[in-house]
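Thanks for asking me to look this one over. I have put my notes in the form of short numbered points, so you can follow along with the structure open beside you.

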Amino acid sequence: HFYRTRIELLHLKALTQSLFPGIQKLDKAGLKKLDEIIASINHADAENAALYDHFGLKEKKPVEHDMVAVEYVVCDKIEKEFPDLVEFIHLPFTSEDVNNLAYNEMISDAFNKSWLPAFFSLTDNLALLSEKYASTPSIGLTHAQSASPTTFGKRFAYFLHNAMESISPLENLVLDAKMSGAVGNNNAVMASCPNFDFPKYAKEFVESMG
């Protein structure tokens, strides 16, 4: 819900800078204010989405729809500053447009902010140990049996090398994402806004997220 809320607001911001018909165009001050709202997203917002979804909140009954619940949270966050934008929330998104982008952001943040620092902490330690024990003798192993002598440092360096080899392909990994309506044809937006170049907008928005 945290990431879905973020995606919805980023999309709304992009929409205000597009040629989408009828939407309020934001000036620099408006964009700055919207950026502040986006930066303020927190886990309380995610909790509110869960409440809207299953238990109800602020006199609203449970909606039993995760994306509608997120739309309510987005509305709560912008209705005071940007009441004219409320009707454009989630337009012309579909749930899966939001979901696939949100999951990609979750994967990216988990990898870059959590897993990768832990991984490099491990490899740093392996590098230190390989130096520290570079001359400390150890019995080598082959076929799970004692073999020619080696050093503890070399064995640590061996694990370090394997770890770095395993991660190097990830440098060029790019996550796939889509923003193309319910069945991939942009049907609703093509019918309602035939002069809006939605494929171009969608491509630019998805690629702006990396």
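The points below go through helix packing, the hairpin, some backbone details and a few single residues.

1. Before anything else, please keep in mind that this is a predicted model. Everything that follows should be read with that in view.

2. Let us begin with the helix pairs. Two packed helices are described by the angle between their axes and the distance between the axes. For helix α3 (residues 43–54) and helix α4 (residues 66–78), the angle is about 130 degrees and the axes are 8 Å apart. An angle over 145 degrees would count as roughly antiparallel, and α3 and α4 are therefore oblique to each other. Their crossing is right-handed.

3. Which residues make the contact between α3 and α4? From α3 come Asp-45, Asn-48, Ala-49, Tyr-52 and Asp-53. On the α4 side you will find Asp-66, Ala-69, Val-70, Tyr-72, Val-73, Asp-76 and Lys-77. By residue class, this contact has six nonpolar, one polar and five charged members.

4. Asp-45 deserves a look of its own. This residue of helix α3 has a relative accessibility of 8%, so Asp-45 counts as buried. Once neighbours within four places in sequence are set aside, Asp-45 is in contact with Ser-40, Val-73 and Lys-77. Both Val-73 and Lys-77 are among the α4 residues in the helix contact described above.

5. The second helix pair is α5 (95–132) with helix α6 (residues 152–167). Here the axes are again 8 Å apart, and the angle is about 150 degrees. That makes α5 roughly antiparallel to α6, because the angle is over 145 degrees. The crossing of α5 and α6 is left-handed.

6. What does each helix bring to the α5 and α6 contact? α5 supplies Trp-115, Leu-116, Phe-119, Phe-120, Thr-123, Leu-126, Ala-127, Leu-129 and Ser-130. These meet Gly-153, Phe-156, Ala-157, Phe-159, Leu-160, Ala-163, Met-164 and Ile-167 of α6. The contact divides into 14 nonpolar residues, three polar and no charged. You may like to set that beside the α3 and α4 contact, with its six nonpolar, one polar and five charged residues.

7. Now for the strands. Strand β1 (residues 137–142) and strand β2 (residues 145–151) run antiparallel, and five bridges join them. They form a hairpin with two residues between them. Thr-142 has Gln-145 of β2 standing opposite.

8. His-143 lies in the loop between β1 and β2. Its phi is positive, about 55 degrees, although His-143 is not a glycine. Is this turn residue buried or exposed? With a relative accessibility of 74%, His-143 counts as exposed.

9. Glu-64 also has a positive phi without being a glycine, with a value near 50 degrees. You will find Glu-64 in the loop between α3 and α4. Its relative accessible area is 51%, so Glu-64 is exposed. The cut-off for that label is over 50%.

10. If you step along the backbone, please stop at Leu-91 and Pro-92. The peptide bond that joins them is cis, with omega about -5 degrees. Pro-92 lies in the loop between α4 and α5.

11. Where is Lys-25? Look in the loop between α1 (2–16) and α2 (28–39). At 46% relative accessibility, Lys-25 counts as partly exposed. Not counting residues up to four places away in sequence, Lys-25 touches Thr-16, Ser-18, Leu-19 and Phe-20. Between Lys-25 and Arg-4 there are 23 Å in space, C-alpha to C-alpha, for a separation of 21 residues in sequence.

12. Last on my list is Thr-136, in the loop between α5 and β1. Thr-136 counts as partly exposed, at 28% relative accessibility. Its contacts, leaving aside neighbours within four places in sequence, are with Thr-150, Thr-151 and Phe-152. Thr-136 and His-1 are 135 residues apart in sequence and 52 Å apart in space, C-alpha to C-alpha.

Terms used. Residues numbered from 1 in each chain as written. Predicted model: local features only at pLDDT ≥ 70, side-chain atom pairs only at ≥ 80, totals over all residues. Heavy atoms only, no water. Pairing = 2+ DSSP bridges. Helix = DSSP H or I, 4+ residues; strand = E, 2+ residues; numbered from the N terminus. Axes fitted to C-alpha atoms, helices over the stretch in contact; angles between N-to-C directions. Parallel < 35°, antiparallel > 145°, perpendicular 65-115°, else oblique. Left-handed = near helix turned anticlockwise from the far one by under 90°. Contact = heavy atoms within 4.5 Å. Nonpolar A, V, L, I, M, F, W, Y, C, P; charged D, E, K, R; others polar. Buried < 20%, exposed > 50% of the residue type's maximum accessible area, 1.4 Å probe, protein only.
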